[in-house]
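Reader: I would like to go through this model label by label, asking in each case how the value supports the word that is used.

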Amino acid sequence: MASVVSYGKNVVLTSDVRSLNLQASASYFADESGELDLETILTKLDKLAWISIQEGENLGFDSAVHWFYISFQLDTEGESKDWLINVDYPLLDQLQVYFVSQGQVLQQYHLGDSLEFSMRPISHRSFLFELPKTKTKQVDLLLRVKSEGSVFVPIHVWERNAFWESEQLFLLVKGSFFGLLIVMIFYNLIIYFIVKDQSYFYYVAYTIAIGMFQLSMDGLAFQYLWPNLMQWHHSSLPLFIFFAVVGRCLFCISFLELEQRWPLAQKLLMALVVVALLLALVTSFIPFNLAVRTANLLVLPSTVSCLIVGLILLMNGVKSARYFVAGWTVYFVGVIAFALAKIGLLQENLFTQNALQVGVAIEIVMFSWALADRINFERQEKMVAQKTAIENLLRFKSIYDHAIEGMLQCTMNGTMIGCNATMAQIMGYSD
């Protein structure tokens with residue numbers, strides 16, 4: 001456990017601290033006008049209505065400018081240590097960082113996902129910067145945050161080596177997750193080219209959309225795929241949500257064969273597909289917060305619809321829907337927990353931060369099992385039908401061979417092809 005003493009707005013960093021969540025030690029002030037600058041904030045620091053913030057608290061969608069304030073108290077050993085400050089939410093549009101000591105600005109950074117990735121002082125998927133070294137014992141950190149999306153500012157201080165050790169673990173977990181998605185994508189894509197079943201194509205499209213959404217949420221897409229395409233990065237998140245909705249609905253229609261089994265359900269899901277595609281077309285022309293809210297709202301009815309349709313068909317004896325329903329159930333729990341945390345209705349914690357990822361991983365595996373299970377079920381049905389046909393043919397042959405009536409087979413012009421034993425005897429032949 002970290003050895004930290006905090007009092008008022010001060011956080012004392014001692015030499016044995018490896019990491020510390022600072023969110024509960026921060027205070028924030030909402031600047032509705034958006035006109036206050038750093039000099040004004042410092043002048044009125046004690047007069048502003050600062051509000052304490054709880055650990056994991058999400059301020060939700062708020063167009064106001066938010067100032068966050070934390071004061072560090074360094075001990076004699078701690079001041080020489082390498083400290084990193086991490087704001088671990090990569091979807092903030094504008095993040096202006098100011099380190100102040102005795103009224104003087106020691107260091108400042110202008111960050112945000114509306115700026116080129118190369119402008120970040122440390123190349124990292126989220127916002128990472130150094131706590132400047134100083135001979136003074138107190139350093140104040142002020143953050144100016146402006147974002148069209150959800151205002152969530154999880155602030156951590158890390159000892160440098162401890163941070164990169166933690167980051168390696170994070171990348172290992174993420175690598176395992178995306179590795180699983182890639183294996184599932186290529187495996188089912190190969191099967192699609194072999195069996196030409198549209199269900200596999202929609203499954204692959206859905207998995208790709210989910211994977212790209214997760215890359216954007218983690219900031220890895222902005223870091224590695226499009227570091228200079230700020231506008232695309234801004235609109236990609238809701239787009240991937242819309243594409244995921246399209247993929248999941250088409251997969252449900254194809255996999256459960258709704259066109260034959262339940263045409264009304266097919267029409268409902270196709271209506272959601274049309275709505276998602278129309279919203280995807282206008283994403284670039286509407287405010288980001290509206291696009292994200294609309295996308296999140298569309299996730300719920302599409303998920304519930306697929307789950308209910310699968311449940312009803314399962315209860316009506318469609319055995320191939322069992323893994324399908326199990327996958328949707330796990331995903332539904334994960335997406336609800338994740339979405340509620342992102343809009344501020346649930347506290348951000350280890351579960352809510354990873355609920356979507358865990359739900360998606362299990363769901364993707366379940367869907368792959370569902371596809372394999374359906375193939376096995378269809379193969380068994382074909383084997384049963386083939387066995388029944390052979391048994392019927394053998395039964396007919398036995399009746400044909402041992403009938404007391406004469407039976408023969410001939411062509412259309414009267415040429416005899418064959419006959420049973422009785423007909424052979426009638427015609428004077430022994431065989």
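**Salt bridges and burial**

Author: In this predicted model, glutamate 167 and arginine 125 form a salt bridge, with their closest N and O atoms 3.1 Å apart. The pair links distant parts of the chain, 42 residues apart, with glutamate 167 in helix H2 and arginine 125 in the loop between strand S9 (104-111) and S10.

Reader: Why is glutamate 167 called buried or exposed, as the case may be?

Author: Glutamate 167 has a relative accessibility of 8%, and buried means under 20%, so glutamate 167 counts as buried. Arginine 125, at 7% relative accessibility, counts as buried by that cut-off.

Reader: What makes aspartate 218 and lysine 174 a salt bridge?

Author: Their closest N and O atoms are 2.9 Å apart, and the definition asks for a side-chain nitrogen of Lys or Arg within 4 Å of a carboxyl oxygen of Asp or Glu, so the pair qualifies. Aspartate 218 in helix H3 and lysine 174 in helix H2 are 44 residues apart, which links distant parts of the chain, and both residues are buried.

Reader: How do you know which class of exposure applies to lysine 133 and which to aspartate 82, the partners of another salt bridge?

Author: Lysine 133 has a relative accessibility of 55%, and exposed means over 50%, so lysine 133 counts as exposed. Aspartate 82, with a relative accessible area of 33%, falls between the limits of 20% and 50% and is therefore partly exposed. The two residues lie in separate loops, lysine 133 between strands S10 and S11 and aspartate 82 between strands S6 and S7, so that their pairing ties together parts that are 51 residues apart in sequence.

**Backbone and helix geometry**

Reader: What makes the phi of lysine 196 worth mentioning?

Author: Most residues other than glycine have a negative phi, whereas the phi of lysine 196 is positive, near 60 degrees. Lysine 196 is placed in the loop between helix H2 and helix H3, and because its relative accessibility is 55%, it counts as exposed. Glutamate 257, in the loop between H5 and helix H6, also has a positive phi, near 50 degrees, but its relative accessibility of 29% makes it partly exposed.

Reader: How do you know that the span of helix H8 agrees with its number of residues?

Author: Helix H8 has 28 residues, which at 1.5 Å a residue should span 40 Å, and its end C-alpha atoms are 41 Å apart, so the two values agree. H8 is followed by glycine 317, whose phi is positive, near 95 degrees.

How values were computed: Residues are numbered from 1 along each chain as its sequence is written. This is a predicted model: local features need pLDDT of at least 70, side-chain atom pairs count only at pLDDT 80 or more; totals for chains, interfaces and linings use all residues. Side-chain values use heavy atoms; hydrogens and water are left out. Helices (H or I, at least four residues) and strands (E, at least two) are DSSP runs, numbered from the N terminus. The expected span of a helix is 1.5 Å times one less than its number of residues. Buried means under 20% relative accessible area, exposed over 50%, partly exposed in between (1.4 Å probe, protein chains only).
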